[in-house]
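Here are my notes on the two-chain model you sent round. I've kept them as numbered points so you can reply to them one at a time.

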Amino acid sequence: MDTMTLEQRKKIHPHKYSLWIAMGSITMMFIGFTSAYIVKRSQANWLAFELPHIFWISTAVILTSSLTIHLALKQFKERNMQRYKQLITLTAVLGVVFAACQWIGFSQLKSAGLPLNGPVSASFIYVIVGVHMLHVLGGVVALLVMFGRAYRTRVRTYSPVPIEVAATYWHFVDVLWIYLLIFLSIAR
Amino acid sequence: MSNEATLHSQQEVMHGAHDHHDHEHHHEDSFISKYVFSMDHKMIAKQFLITGIVWAIIGAFFSVLFRLQLGFPDATFPWLESILGHWAKGGRISAEAYYALVTMHGTILVFFVLTAGLSGTFSNLLIPLQVGARDMASPFMNCLSYWFFFLASLVMMASLFVQTGPASGGWTMYPPLSALGDASIGSKIGVDLWLTSMALFVVSQLLGGLNYISTLLNMRTKGMAMTKMPLTIWSFFFTAVLGVLSFPVLLSGFILLLMDRHAGTSFYLSDIFIAGKALANEGGSAILYQHLFWFLGHPEVYIIILPAMGMVSEVLAVSSRKPIFGYLAMIGSLFAICILAFLVWAHHMFVTGLNPFLGAFFVLLTLLIAVPSAIKVFNWITTIWKGNINFTPASLFSIGFVSTFISGGLTGIWLGNSSIDIHLHDTMFVIAHFHIVMGVSAFFGMFAGIYHWFPKMYGRFMNNTIGYIHFWVTMIGAYLIFWPMHYEGMAGMPRRYYDVSGWASFKQFGGLNEFITIVVILVFAVQLLFVFNFFYSIFKGRKMTNQNPWNATTLEWTTPIHAGHGNWPGEIPEVYRWAYDYSKDGRDFIPQTEPIGPNESAH
């Protein structure tokens, strides 16, 4: 049994393993932010307000993009490279749309009289959502690299590891957003 | 996840380095890819070490400068003006320069030397060599890790030369002082550069940490079960886990601080007056920063000391020709320290108005750390007890480590009690405590590591005579410097003060402070001697003729004297036994690669 699990574990590609640790690390960063949020909320002068409604649209967008990258991975493994390229492009576009929605959310907050340098509760939204947005855009950059690789003609890649790593990361920022949305909706 | 595919790519990773090695005879690496943007973990380790040494010289020199001010507050040293310019007009360090020196001394030593220089060097060097891997899980990320550290170094170095000087609010960078550029000259662009540099540093640590963990969990050679790993690897493992989990939280705190500085937010600021003018910031909490900072800050001290502990365990077993005493207890205590490290941060904040009821829990958890620490000390002493000790410089530094860890650890019990801490907080007692237990001890661990693994790094030995001089002067000097500080602290002498001679109660320490400063200069000179020995020995040291000079059991000594990228020319050796079979069955040592004999029982 013991050797079985050992063998099993060795099958995880080291890069995937590193990704899981990195995701733990990113999670700790957001735990830092959200704990700071909780500490601050329990103190005086905490201003509660509604989140911008566009955040629900952006949630739908990022959920869709998780689906498209999942399909892209499937197409890659079946070597349907044309569909694969289309799907990762779609995913990257959805990522940019997500970031744009968050940006619109910021301007809605601002026009509601809650600018970045306003009440602390609003500043937290900007920082937490903003840092998450940067992580999504990081994923977009990774997809662009993937895209470039798919168009290379001289070297062909058959290893699904890079796209698997990218897909896992993409699902991670998706889940992270859902957690943040629930957290920010409940802990107001 | 398709197993076929992952297995295939696993082989790619494992054999990539191997192929490279086989072809080494055909193409020589260019200078750039061999020495500069190297992907070989051994070269990256050397890069971390040498960068760390450069920083250590700068950081230690800063301490000499501010000790001159503390020891001789009324004297003038004209040569100071020629190196510091207007920061030392008339040969006396200005108050601003003094705070900048103190701040930079702390930042450089804690982060750049004892974090990057210590675990960066030895995790990189030893993890692949001791677990039997060709290289790290991702050599490219490993290379990036060093270059992010290098960038962080450049930015920090640049901050020393800007007109308003480097950050000078203390290495902890507490707001509001650090958040408001108008608050002091040392809170201007110096703090922005400091925060930028530290953000790059955090990235470097995370890239390194990810690699260390996934390498030692996934790429161990055949037979190298976790319980057969040397204690060095266990300590690097826990160090990396601490770093990966705590550095991101520090980054969160820094991001909020940057927003407060430049975006007008009020995370840490509230009700502040500067030069009689009220600021608009409302509703922030400066204590929030301290929580975020010390959530990293406390694990950070274990990030510094755990690698030293691991290397000392290894060196003590090798040099006393005895198996390490209580191998599993050593791992258990490392694990306990690792868990407790996350639960004690508020003991740095007893005097911030923390709820005393909450404080009681932090006292309890803090004092609990004494238990695993005592287990480790007991095991080290029992390991060398009645051993046939070779007093090499490495083993002397290891024994010195145990000594300073005990004497510095005991004062930790004082400071961990919230009621005593009210009196001792921010006094020289704290300085004495943490310099002995984490400064000197970590340096001793690092020196032990350097003397012990220098032959592995460069194929030559360091000079022993200079090594002995280095050890004895440093050992005696460290106690002479820091022991008297306990008395100053108990009398209430505050840390970080520019000049305490104005107080009648601290004036009595005038002579003592002069004495400390003179010893500091002597000890600094001997460290330069060590640096000379290090660089001289790289080129002119006695050549290594035996692959295994210390008769050690571990895998790194089965590689050729000048191992290429890929470490072993042929197959990676298989491991059959734990790393501490010394003086077993009438044999001096049995390498890990030797199968267990028919009449022999495994450990």
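1. Among contacts in chain B between residues at least 6 apart in sequence, what percentage join residues at least 24 apart? The figure is 79%. Bear in mind throughout that this is a predicted model. For chain A, residues 24 or more positions apart make up 81% of the contacts with a separation of 6 or more.

2. On confidence, chain A has an average pLDDT of 88, with 94% of its residues scoring at least 70. The exception to flag is residues 1–9 of chain A, where pLDDT is below 50 and the stretch has 0 contacts in the model beyond near neighbours in sequence. Where pLDDT is low, predicted coordinates should not be read in detail. I'd leave that stretch out of the discussion.

3. Now the make-up of chain B. DSSP-style assignment gives chain B 18 helices and 4 strands. Its radius of gyration is 25 Å, close to the 25 Å that the globule rule gives for 603 residues, so chain B is as compact as a globular protein of that length. The C-alpha trace of chain B spans about 80 × 55 × 55 Å along its principal axes, and 53% of the 603 residues count as buried.

4. Chain A has 6 helices and 0 strands, so to speak an α-α-α-α-α-α run from the N terminus on. The C-alpha atoms of chain A fill a box of roughly 60 × 45 × 20 Å along the principal axes. Of its 188 residues, 34% count as buried.

5. On the annotations for chain A: an unreviewed UniProt entry places "transmembrane region" at residues 20–39, 54–73, 85–105, 125–147 and 168–187. I looked at two of these spans in the model. Residues 125–147 of chain A are 100% helix and 0% strand, with end C-alpha atoms 32 Å apart. Residues 168–187 of chain A are 95% helix and 0% strand, and there the end C-alpha atoms are 28 Å apart. The unreviewed entry also has "domain: Heme-copper oxidase subunit III family profile" over residues 16–188 of chain A. Across that range the chain is 80% helix and 0% strand, and 36 Å separates the end C-alpha atoms.

6. Which helix of chain A supplies the largest share of the side that touches chain B? The contact takes 34 residues from chain A and 40 residues from chain B. On the chain A side, α2 (14–41), α5 (120–150) and α6 (161–186) each supply at least two residues. The largest share, 16 residues, comes from α2(A). By class, this side of chain A has 18 nonpolar, 11 polar and 5 charged residues.

7. Helix α3 of chain A is worth a look. This helix (residues 54–77) has 24 residues and reaches 35 Å from its first C-alpha to its last, close to the 34 Å expected at 1.5 Å a residue. The buried residues in α3(A) are Phe55(A), Ser58(A), Ile62(A), Ser65(A), Thr68(A), Ile69(A), Ala72(A), Leu73(A) and Phe76(A). An α-helix has 3.6 residues a turn, so residues three or four places apart point the same way. The cover over the buried residues of α3(A) includes α4 (81–111) and α6 of chain A. After α3(A) comes Arg79(A), with a positive phi near 60°.

8. For chain B, take helix α6 (residues 139–159). Its 21 residues should span 30 Å at 1.5 Å a residue, and the end C-alpha atoms are 31 Å apart, which agrees. Buried residues of α6(B) include Pro139(B), Asn142(B), Cys143(B), Tyr146(B), Phe148(B), Phe149(B) and Met156(B). Among the elements covering the buried residues of α6(B) are α3 (41–71), α5 (95–131) and α7 (189–218) of chain B.

9. Backbone oddities in chain B deserve a check. Most residues other than glycine have a negative phi, and most peptide bonds are trans. Pro175(B) and Pro176(B) are joined by a cis peptide bond, with omega about 5°; Pro176(B) sits in the loop between α6 and α7 of chain B.

10. Two positive phi values in chain B are also worth noting. Ala275(B), not a glycine, has a phi of about 50°, and this residue is in the loop between β1 (273–274) and β2 (277–278). Is Ala275(B) buried or exposed? With 6 C-beta neighbours inside 10 Å, Ala275(B) counts as exposed. Arg321(B) likewise has a positive phi, near 50°, and lies in the loop between α9 (286–320) and α10 (327–341) of chain B. Arg321(B) is partly exposed, because 15 other C-beta atoms are within 10 Å.

Definitions and conventions
Residues are numbered from 1 along each chain as its sequence is written. Chains are lettered from A and ligands numbered from 1 in the order in which they are written. This is a predicted model: local features need pLDDT of at least 70, side-chain atom pairs count only at pLDDT 80 or more; totals for chains, interfaces and linings use all residues. UniProt positions are given in the numbering used here, feature names are shortened, and annotations may be inferred rather than shown by experiment. The radius of gyration is taken over C-alpha atoms; the globule rule is 2.2 Å times the number of residues to the power 0.38. A residue is buried if 20 or more other C-beta atoms lie within 10 Å of its own, exposed if 12 or fewer, and partly exposed in between; C-beta atoms are placed from the backbone. Two residues are in contact if their C-beta atoms, placed from the backbone, lie within 7 Å. Ala, Val, Leu, Ile, Met, Phe, Trp, Tyr, Cys and Pro count as nonpolar, Asp, Glu, Lys and Arg as charged, and the others, Gly among them, as polar. The expected span of a helix is 1.5 Å times one less than its number of residues. pLDDT is the predictor's confidence in each residue, from 0 to 100.
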